[in-house]
Amino acid sequence: MSVKTHRVATIPGDGIGPEVISAGITVLQNLADTLGTFKLEFAHFDWSSETYKKTGKYIPDGGLDELKEHDAILFGSVGAPDVPDHISLWGLRLAICQPLQQYANVRPTRILRGTSSPLRNCSPGDLDWVIIRENSEGEYAGQGGRSHIGQPWEVATETAIFSRYAVERIMRFAFETARSRPRKMLTVVSKSNAQRNGMVLWDEVAAEVGKEFADVKLDKMLVDAMTARMALKPGSIDTVVASNLHADILSDLAAALAGSIGIAPTSNLDPTRKNPSMFEPIHGSAFDITGKGVANPVATFWTAAEMLNWLGETAAAQKLMQSVETVCEGGLLTGDLGGKATTKEVTDAVVREIQKLGAGH
Ligand SMILES: NC(=O)c1ccc[n+]([C@@H]2O[C@H](COP(=O)([O-])OP(=O)(O)OC[C@H]3O[C@@H](n4cnc5c(N)ncnc54)[C@H](O)[C@@H]3O)[C@@H](O)[C@H]2O)c1
C-alpha cells in the first residue's frame, strides 16, 4: 500500500527555537516510522536573526515561493537580544503569515494530564478552550508612520485596520470551529465601547455571520472583562474569537492559566488551503534558558499534533498527544511545569511511548 508523503518546511529560527524544533522532528519522524501510515519529508530553512545579521534579510529572494512548495511549515521562534523585536517579527514571522494569507490563528488551550493549573480547583477538563485570532490585519496591519523623528515633538501613529472582508472570513471560521465542538458556543471579544469604529464593525459583522449559525450560541464580551472571566470562571468559556492584538494577549494568559507557556501550540491557517499553513509553539525565543537544554518541548509536540490534524493524519495526532500526556502524567516535567527534566529526557520518553503505542501495548 502506498502511503502519503507530507512535505514539511522547518524554520527553527532563534533562541530555543532550534532546540524545540529538533525535538519536534525527532518525535514526528519516530511517529511516522512507527505507525507506517504516512511519511514526512523535512526541508530545513536556516532563516533566523543570524542570517539577518549576515545578509540583511530574514527571507532570501524567492524564499516565499520555495515555502509554497511544501504542505506545511513548522516554525520555532524569532527574536534575538541584539535585533529590535519589531524588525525580527516583521522580517520573518509576519512576512510569512501575511503574504501566505494565513488569516486564522488558532490557539487551543487545555490542562494536559499530569500538569496543573495555577487556578485553584481547576483540573484537566475544566479548562478547554480554542482561541481564534484574526491574523491578517487589525492592530498588526502595519499602517502608520513616524514624523519629526528625533525632535521633541516627534509623532508616531499606529492605525488598526478592520475590513469587512477580513472580519467576515474570520467570524465564519470561528463559528464553524464553535459548531464543531460539543458546546457550540462562541464568545466574540470586543472593545467597541472605547474603539467606536473598527470594533463596532467587528461586532456588527459577528452578529450578521451569526445568523447563518443558528445552532451556535453567540456570546459577547469586552476584552478587559474577558481577562477576569478567564481567571474566575474558566468553565464558562469554549470557543473565543478576538482581534489580532486582543487574542495575542488573551492566548498567552490562557497558556499560563493552563500551566505554562511551554506547552501551548498555535496554528496559522490558510483555511482556503491555497497556501501551506504554519504551525508553531506559542512561546518565543526564551533568552533566559537558551542553550541550557531545559526548554519544554511539549508546546512543539502539541503543535506537531495540530499540524498532523491539518494534514489529515488525525489518528497519528491523537497517538502523539496520548504519548505526550502519558509522559507528563508519569511526572517527567521540565522546570516551567515544576519538574527537573531536560528537553532530551522528555523527548526520549515521548518517543518510547510512541513506540509502545505502535507495538500495540
Ligand atoms: N512567535 C514568535 O516567534 C515569538 C513569540 C513570542 C516572543 N517572541 C520573541 O522572543 C523573544 C523573547 O520574548 P519573551 O521573553 O517575551 O517571551 P518568551 O516566550 O520567549 O519567554 C517568556 C518566559 O517563558 C519562558 N518560556 C518560554 N518558552 C518556554 C519553554 N518552551 N520552556 C520553558 N520555558 C519557556 C521563558 O524562559 C521566559 O521566562 C523576543 O525577541 C520576542 O520578540 C517570538
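User: Take Ala, Val, Leu, Ile, Met, Phe, Trp, Tyr, Cys and Pro as nonpolar, Asp, Glu, Lys and Arg as charged, and the others, Gly among them, as polar. How many residues of each class are in the shell around the ligand?

Analyst: The model is a predicted one. In it, 23 residues surround the ligand, and Gly79, Gly262, His283, Gly284 and Asn296 are the closest. Sorted by class, the shell has five charged, eight polar and 10 nonpolar residues.

User: Which helix gives the most to the shell around the ligand?

Analyst: The shell consists of 23 residues. Three of its residues come from one helix, residues 85-97, and this is the top contribution: helix α4.

User: Which are the edge strands of the open sheet?

Analyst: The sheet has 10 strands with mixed pairing, in the order β2-β1-β3-β12-β11-β4-β5-β10-β8-β9. An edge strand here pairs on one side only, which holds for β2 (38-44) and β9 (217-222).

User: What is the bridge partner of threonine 10 in β3?

Analyst: Strands of a sheet pair through backbone hydrogen bonds, either parallel or antiparallel. Strands β1 (residues 4-13) and β3 (residues 72-77) run parallel and are joined by five bridges. In β3, the partner of threonine 10 is leucine 74.

User: What angle does the direction of helix α5 make with that of β5?

Analyst: Helix α5 (residues 164-179) packs on the sheet and touches β4, β5, β8 and β10. Angles run from 0 to 180 degrees between N-to-C directions. For helix α5 and β5 the angle is about 165°.

Definitions and conventions:
Residues are numbered from 1 along each chain as its sequence is written. This is a predicted model: local features need pLDDT of at least 70, side-chain atom pairs count only at pLDDT 80 or more; totals for chains, interfaces and linings use all residues. A residue is near a molecule or strand if its C-beta atom, placed from the backbone, lies within 6 Å of it. Helices (H or I, at least four residues) and strands (E, at least two) are DSSP runs, numbered from the N terminus. Two strands pair if DSSP finds at least two bridges between them. Two residues are in contact if their C-beta atoms, placed from the backbone, lie within 7 Å.
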